[in-house]
Amino acid sequence: MREMLKLFLVVTLFGAISGGLLAGVRAGTKERIEYQQIKFVKGPAVLEILKGCSNDPLATRFKIQDGKEERSFFVGVFDGKPNTVAFESSGKGYGGDIGVVVAVNIDNDQIVGVGVTTHRETPGLGSRAKTDPRFAAQFKGQPVMEPFKVKSDGGKIDALSGATVTSRGVVGGVVASGEIYKRLKFNIAEKMKSIKS
Amino acid sequence: MAKTVLQEFTKGLWAEVPPYRLVLGLCPALAMTKSVDNGVGMGLAVTFVLVCSNVLISLLRKVIPRNVRIACFIVVVATFVIIVELVMQAYAYTLFEQMGIFIPLIVVNCILLGRAEAFASKNSVIPSIADGFGMGLGFTISLTILAAIREVLGNGTFLNKAVFGPSFEPYAFMVTAPGAFVCLGLMLCIMNLLGKK
């Protein structure tokens, strides 16, 4: 019995120390990992949809607490005014969650651009949501809070042929963005005021 | 047991070099040798984990009860692997993306458990460090050589820089999985010829 207890104790101790150590390392690298993810995962899509802005959107960013979640917002400066904000949400695709970034002009609440960040869709079919600019271009200039739908569901967005589920996923992501925007509009406007162009 | 520390170190470089002599750790040796930077990255990650786990296991060899030693070894190895994973994600994100699943898979790499069981749990700290460094370095060099052959022939590049003129037609077979097996087989053959005498 004593022997058993010792085994139990040693393994438990090993696990506990390891867990504590890892929690420390995680806390220490968290900031840096977040920055790397912004640079390599969200970065390219954000830069693409905010093309033509005069600042570095990845450097000009702020965070807003949204319920339990903390969201990052990237600011684009156009014509000398910081009037565009890009942020990420997600929709349910064919192979899992699709990360969608939407850029919104805060002056008229219109969509400036939509881009896909992370996805696990079928290469060659669903993956075109990220690579085919014509699909994302359909959202350009539309009011952000509109409940978008694909055409086969009675909406006005043309789905990618052979990838209806993916298209629905992206549309779902944009709709979710609209809801986030609606919810946080006031906070976003507040934060934007403090940004120098 | 009259081996010197130097001998413990050098045996990993030639007499017992992991992938070619012990034929251990083949999963990363095959999967992570498409390009030289991947091979070196994998080798260094394994070396770090190997040295750290050897030190810790050697220090704790009197504390760890025999019945649960494997569980304890795995906890130690896994802890260091996750540290490597987090640090890599924070400081070498592109390499982290390329290596993907193979970083966590270092946990189940036979070399690590093999050295812990066969060496570190029976020897004191200094020889264990030498053993870990030797084995790790041997593994890194082996992977680098294999990766260099595959990258140069299969892609016409070395560390992503073109080594041949534009007329070079890459032998793409070398970067595929079967190419990895063929390369490894040839390396084993050469090592056996050299070691025969």
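Author: Two strands pair if DSSP finds at least two bridges between them. The model here is predicted, and strand pairing is a good place to begin reading it.

Reader: How many bridges join strand 1 of chain A to strand 2 of chain A, and do the strands run parallel or antiparallel?

Author: Six bridges join them, and the two strands run antiparallel. Strand 1 of chain A covers residues 61-66, and strand 2 of chain A covers residues 69-78.

Reader: Which residue in strand 2 of chain A is the bridge partner of A:Phe62?

Author: The partner of A:Phe62 is A:Phe73. As a general idea, side chains in a regular strand alternate between the two faces of the sheet.

Reader: What lies between the strands of this hairpin?

Author: Two residues lie between strand 1 and strand 2 of chain A, and in this hairpin A:Gly67 has a positive phi near 65°.

Reader: Which elements make up chain A as a whole?

Author: Chain A has four helices and five strands. Read from the N terminus, their order is α-β-β-β-β-β-α-α-α.

Reader: Is chain A a compact globule or more spread out?

Author: To judge this, set the radius of gyration against the globule rule. For 197 residues the rule gives 16 Å, and the radius of chain A is 21 Å, well over that, so chain A is more spread out than a compact globule. Along the principal axes, the C-alpha atoms of chain A fill a box of roughly 75 × 45 × 25 Å.

Reader: What share of chain A is buried?

Author: A residue counts as buried if 20 or more other C-beta atoms lie within 10 Å of its own. In chain A, 33% of the 197 residues are buried. As for contacts between residues at least 6 apart in sequence, 56% of those in chain A join residues at least 24 apart.

Reader: How many residues does each chain give to the contact between chain A and chain B?

Author: Chain B gives 17 residues and chain A gives 16 residues. On the side of chain B, helix 5 (69-91) and helix 6 (93-99) are the elements that give two or more residues. Helix 5 of chain B gives the most, with 10 residues. By type, the residues on this side are 13 nonpolar, four polar and no charged.

Reader: What span does helix 5 of chain B have, and what covers its buried residues?

Author: Helix 5 of chain B has 23 residues and reaches 33 Å from first C-alpha to last, close to the 33 Å expected at 1.5 Å a residue. Its buried residues include B:Phe73, B:Phe80 and B:Met88. Their cover includes helix 1 (2-49) of chain A, together with helix 4 (36-59), helix 6 and helix 7 (110-120) of chain B.

Definitions and conventions:
Residues are numbered from 1 along each chain as its sequence is written. Chains are lettered from A and ligands numbered from 1 in the order in which they are written. This is a predicted model: local features need pLDDT of at least 70, side-chain atom pairs count only at pLDDT 80 or more; totals for chains, interfaces and linings use all residues. Two residues are in contact if their C-beta atoms, placed from the backbone, lie within 7 Å. Ala, Val, Leu, Ile, Met, Phe, Trp, Tyr, Cys and Pro count as nonpolar, Asp, Glu, Lys and Arg as charged, and the others, Gly among them, as polar. The radius of gyration is taken over C-alpha atoms; the globule rule is 2.2 Å times the number of residues to the power 0.38. A residue is buried if 20 or more other C-beta atoms lie within 10 Å of its own, exposed if 12 or fewer, and partly exposed in between; C-beta atoms are placed from the backbone. The expected span of a helix is 1.5 Å times one less than its number of residues.
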